[in-house]
Amino acid sequence: MQEIQTPCVASLTWTLHDAQGELIDVLEEATEFLVGGDDLLAKVEEALIGQPLGAEVPIALQPEEAFGDYRPELTCFEARALFPSQLEVGMRFEGLPEGAATPDMPKDVIYTVTEIYPEHVVLDGNHPLAGIGLRMHVQVRALREATPEEIAARSVGNGLVDVLESGSAPPDATLH
C-alpha cells in the first residue's frame with residue numbers, strides 16, 4: 001500500500017499544540033488508526049487521505065472540528081460528601097454520583113473534577129480540549145490493509161480521543 005485510502009490502517013505519530021503554540025501532546029510511539037472508520041476526527045482523516053507512507057502533514061483544527069465549543073452548561077457543583085475521601089483535581093468520573101443535586105445533567109458524560117471545596121466539588125463535563133483550536137503535525141509511519149473485523153468494528157481500538165486521554169489524564173474512576 002503506497003498511500004492512505006479508505007479503508008486502511010495507518011500507523012501515526014504526532015505532536016499536538018494549541019493555537020498559541022503550547023505543546024499539548026506528543027505521540028512518539030506509532031499507533032494504528034482505522035482510516036474510514038471512527039478512530040480519527042473527520043478533518044484529520046480528510047487531511048490524511050492520499051498521503052504517502054512517510055508523509056508529514058500539518059493539520060489546523062478549529063474547536064468545532066476537534067472537541068467542540070466549550071459549553072458552560074456542562075459544569076455543575078455537587079456535595080463533597082458524595083465523593084470518595086481520596087478525591088483530587090483532575091480525577092474523572094462517568095456520570096454524576098448517586099444523589100447528585102443536578103439530575104438534569106447528561107448521564108453519559110465523563111466529568112472531570114476541576115475544584116474541590118470543603119462543602120462542594122466542581123465538575124466539568126466538557127472534553128479537556130473543548131473550545132481550543134489545535135495544530136497537529138502528523139507523521140505517517142506505516143500503512144496496511146484493514147481486516148474485515150476492523151472494518152466491521154469501524155476501529156482498530158485506538159481512537160484519537162482515547163489516545164489523547166490516556167497520555168496525560170489520570171485513570172478514570174467510577175462512582176457507580
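Which residue in β8 does Cys 8 stand opposite? The partner is Glu 145, and this pairing makes a handy way into the structure. The model is predicted, so local features are reported at pLDDT of at least 70 and side-chain atom pairs at pLDDT 80 or more, while totals for chains, interfaces and linings use all residues. Residues are numbered from 1 along each chain as its sequence is written, and side-chain values use heavy atoms, with hydrogens and water left out.

Strand pairing comes next. Helices and strands are DSSP runs numbered from the N terminus (H or I of at least four residues for helices, E of at least two for strands), and two strands pair if DSSP finds at least two bridges between them. By that criterion, β1 and β8 pair in the antiparallel sense over 11 bridges. The strand β8 also pairs with β3, again in the antiparallel sense, over 6 bridges. Within this second pairing, Met 136 in β8 is the bridge partner of Ile 59.

Met 136 leads directly to the interior. A nonpolar core is taken here as a set of buried Ala, Val, Leu, Ile, Met, Phe, Trp, Tyr and Cys residues joined through side-chain atoms within 4.5 Å. Buried means under 20% relative accessible area, exposed means over 50%, and partly exposed covers the values in between (1.4 Å probe, protein chains only). The largest such core has 27 residues, of which Trp 14, Leu 48 and Met 136 touch the most other members. At least two residues of this core come from each of β1 (8-18), β2 (23-35), α1 (42-48), β3 (56-61), β8 (134-145) and α3 (160-168). With neighbours within four places in sequence set aside, the contacts of Met 136 (heavy atoms within 4.5 Å) include Trp 14, Leu 16, Val 44, Ile 59 and Leu 160. A second, separate core of 12 residues includes Phe 83, Met 91, Phe 93 and Tyr 111. As general background, nonpolar side chains tend to be buried together in soluble globular proteins.

Two members of that second core also form an aromatic pair. Rings of Phe, Tyr and Trp (its six-membered ring) pair if their centres lie within 6.5 Å; planes under 30 degrees apart count as stacked, over 60 as edge-to-face and the rest as tilted. The structure holds 2 aromatic pairs. For Phe 83 and Phe 93, the ring centres are 5.8 Å apart and the planes meet at 65°, so this pair is edge-to-face. Because Phe 83 lies in the loop between β4 (75-79) and β5 (92-94) and Phe 93 lies in strand β5, the pair ties together parts that are 10 residues apart in sequence. Both of these residues, Phe 83 and Phe 93, are buried.

Charged side chains tell their own story. A salt bridge requires a side-chain nitrogen of Lys or Arg within 4 Å of a carboxyl oxygen of Asp or Glu, and the structure holds 5 of them. One joins Asp 38 to Arg 154, at 3.2 Å from N to O. Asp 38 sits in the loop between β2 and α1 and Arg 154 in the loop between α2 (148-153) and α3, so the pair ties together parts 116 residues apart in sequence. Asp 38 is exposed at 53% relative accessible area, whereas Arg 154 is partly exposed at 39%. Asp 38 also has its C-alpha 7.0 Å from that of Gly 159, with their positions 121 residues apart in sequence.

Another salt bridge links Lys 43 and Glu 65, whose closest N and O atoms are 3.5 Å apart. Lys 43 belongs to helix α1 and Glu 65 to the loop between β3 and β4, 22 residues apart. Both are partly exposed, Lys 43 at 29% and Glu 65 at 27%. Arg 71 and Glu 73 meet at 2.9 Å, N to O, in a further salt bridge. In addition, Glu 32, Arg 144 and Glu 150 are joined into one network by salt bridges that share partners.

Finally, the cysteines and a residue of β1 deserve a look. With a disulfide defined as a pair of cysteine sulfur atoms within 2.5 Å, a search of the whole structure finds 0. Cys 8 is buried at 0% relative accessible area, and Cys 76 is buried at 3%. Ser 11, found in strand β1, is likewise buried, at 11%. Beyond four places in sequence, the contacts of Ser 11 include Ala 30, Glu 32, Val 140 and Ala 142.
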